[in-house]
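Reader: I'm new to reading protein models. Could you walk me through this one?

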Amino acid sequence: MTIPQTKVATATSVAIRALSYFFLRWALAPPFPALIFALFAVYLPSFVSGYLHEPKQELVDQVDVTVTDIPIEVEVPENGRRNRGTEKLVAEQLAVEETLTIEDRPLNPLKTLLSGAPNPRSLLLSATTLLINAICVGMVADRLFTERYHTGDDLSFARLGFVSEHEAKLLIREPDQSKMPVTVEVHIKDPVAPFDNPLWQSAGGIKFTTNETDYTAVVPIPLRNSKMRTYQWRTSNNHTGEFTTPPPVGHAEEATTGPFTFLSTSCIVSRLPYSPFDHPLAIPGFRYLAKVLPTLNAQFMLFLGDFIYADVPRYWGSSKSDYRQKYRQVYASPDWPSVGQNLSWIHTLDDHEIANDWSANSTGVYKAAFDPFEHYQAAANPPPARRAGGIAARKSATYYSFTQGPASFFLLDTRTFRSDNHLPDTAEQQKTMLGAEQLEDFLAWLKKPEPKGVKWKIVASSVPFTKNWPVNTQDTWGGFLMERRKVLEAMWDVSRRGVGVVVLSGDRHEFAATKFPPPVPVLVEGEGEGEVHVEGRAWPEEATVWEFSASPLSQFYSPVGTYRERDGEDVMVKYIHKGNSKFGAITIENLEGGDQSSLKYRLFVDGEEVWNTVLLSPKGDQAPARGSFWSKLIGA
């Protein structure tokens with residue numbers, strides 16, 4: 001019979017192994033390490049006690065039963081019969097013999113290794129199964145603590161920020177003041193004689209850096225060539241890279257660079273899935289991205305938040321220095337240069353840059369969390385969005401807009417101004433995702449006419465626009481449906497100008513393509529005879545808004561599908577939940593004649609293209625012909 005100590009050791013061993021696997025290979029759930037360490041603290045003494053006190057032999061009770069048939073004769077009474085007589089019967093005689101013996105218990109090596117229980121008959125097997133559990137706990141401790149000691153205090157790096165036709169932003173971090181000043185030089189790669197200057201030219205620099213900005217500074221590089229060119233850059237502190245300027249506004253492609261392409265994704269965490277052979281700051285998703293980058297000719301990465309996870313695998317502190325360290329660790333990853341040296345990155349803010357499901361505006365830890373975002377991300381972003389009438393938004397605005405090639409972009413801030421997630425979404429409550437000022441700026445951008453050749457308005461939202469994710473819907477636009485309806489109606493209106501609207505989002509660690517068709521107006525009979533009126537506004541079907549929500553770039557994924565189409569308002573087109581690394585590549589090409597443009601979305605999962613679709617921009621000038629069905633509906 002198994003003693004209680006061994007039963008406890010077995011139960012805690014199974015729990016340690018299951019939780020360790022989940023934490024290391026699936027999701028870095030913050031409660032798990034403390035639970036695993038507590039279980040091991042129970043397991044170890046139980047294991048030792050079980051090994052010492054669990055008997056090596058067992059009592060075997062063997063019972064032998066012997067059955068013997070014995071013939072007998074029985075007299076049969078007359079009992080109404082004419083003659084008395086005898087009858088032969090067979091009786092069974094049982095002989096029971098019980099033998100008690102003491103024998104060695106079975107060795108069961110496989111059971112010992114799988115269960116983690118002590119085996120009193122084998123010190124080697126017991127030590128091996130104990131070692132397996134110790135390794136599990138050690139790997140959890142390695143993942144939890146080792147990266148903490150890679151502070152990145154001495155990190156020196158340079159990365160590309162926003163690149164326009166006339167300027168490129170280069171963010172530099174250099175804490176070593178002996179290397180000051182840091183100068184930047186650029187030259188045209190593959191210059192065309194005699195028009196291009198092949199020589200390296202000074203592009204500016206920084207005289208010093210201070211702890212005020214965590215030793216970061218942005219160098220604006222002026223670009224004097226009016227055509228698309230690929231530039232190489234280098235700094236005096238030994239950082240190099242290259243970038244390609246975007247096509248002129250309204251143009252989608254150049255003969256030398258191909259169609260206009262950019263990328264979109266979100267969510268990064270290091271060492272997941274865990275490998276003990278990886279660098280403590282390794283980011284597997286960067287490797288998948290680096291694998292396909294050379295084939296994409298992408299202009300930039302539109303990164304939609306959760307660049308850091310301040311609370312994963314543990315919330316180490318709420319100070320400014322704690323948040324700064326998280327950013328340095330990503331940029332210090334050995335996998336960063338392969339995706340950051342030659343690719344422009346543009347960033348939005350999301351919850352894990354602050355805390356999970358953040359909806360407390362700029363209170364609490366927001367100021368400490370926003371400090372490094374401002375210095376490492378926002379400083380190299382496009383300029384803040386312009387308000388209606390060309391008035392500049394406030395200097396510290398965290399939402400941005402710009403136009404490149406065939407598309408205009410608006411990067412929303414869905415965290416700084418939102419109402420509490422748990423408030424009811426009612427007219428009385430006036431619940432808002434964007435805040436009054438940002439909403440006004442966003443609606444003004446949607447209404448603004450675009451230059452000739454710009455056929456797409458791209459909206460970047462850190463959280464999904466669809467309400468089709470029932471889990472934690474209140475953290476998405478699904479918890480702000482009244483404001484979403486106002487935004488959707490403004491998006492549908494855009495189609496009348498021959499411009500399509502596409503929303504790009506992330507956050508959910510899944511992929512979903514969703515379309516939002518405009519509602520169909522209904523003819524309603526009036527009170528008078530033959531009187532009818534239109535209920536609802538009329539938009540053409542091609543006013544349909546699309547959303548592509550793709551994440552993570554390097555994080556866990558949902559083991560089961562969580563996306564559900566509720567009604568005809570948010571229509572599911574494609575859904576994929578598996579994959580630790582997902583990102584989208586968006587390619588825009590203007591069609592012959594220039595009246596329409598195509599947008600191709602390609603989804604990459606773990607470095608492989610798994611799905612794509614092509615959209616066409618609306619034709620524009622949607623005033624219906626007189627006498628048509630639509631003209632009757634809208635009174636044209």
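Author: Sure, here are a few questions and answers about this predicted model.

Reader: Is Leu 123 buried or exposed?

Author: Let's place it: Leu 123 belongs to helix 4, residues 123-145. Anything over 50% relative accessible area counts as exposed. Leu 123 has 58% relative accessibility, so the label is exposed.

Reader: Which residue of strand 21 stands opposite Ala 513?

Author: Start with the strands: strand 18 (residues 511-516) has five of its six residues buried. Strand 18 pairs with strand 21 (residues 545-550) in the antiparallel sense, over six bridges. Across from Ala 513 in strand 21 you'll find Phe 548.

Reader: And in strand 22, what is the bridge partner of Ala 512?

Author: Strand 18 also pairs with strand 22 (residues 571-576), again in the antiparallel sense, over five bridges. In strand 22, the partner of Ala 512 is Tyr 575.

Reader: How many residues apart are Asp 214 and Arg 328?

Author: Their side chains meet in a salt bridge, at 3.0 Å from N to O. Asp 214 is in the loop between strand 6 and strand 7, while Arg 328 is in helix 6, so the pair links distant parts of the chain, and the separation is 114 residues.

Reader: Is Arg 415, the salt-bridge partner of Asp 350, buried or exposed?

Author: The closest N and O atoms of Asp 350 and Arg 415 are 2.8 Å apart. Both belong to a salt-bridge network that also links Asp 351, Arg 418 and Asp 475. The cut-off for buried is under 20%. Arg 415 has a relative accessible area of 0%, so the answer is buried.

Note on methods: Residues numbered from 1 in each chain as written. Predicted model: local features only at pLDDT ≥ 70, side-chain atom pairs only at ≥ 80, totals over all residues. Heavy atoms only, no water. Helix = DSSP H or I, 4+ residues; strand = E, 2+ residues; numbered from the N terminus. Buried < 20%, exposed > 50% of the residue type's maximum accessible area, 1.4 Å probe, protein only. Pairing = 2+ DSSP bridges. Salt bridge = Lys/Arg side-chain N within 4 Å of Asp/Glu carboxyl O.
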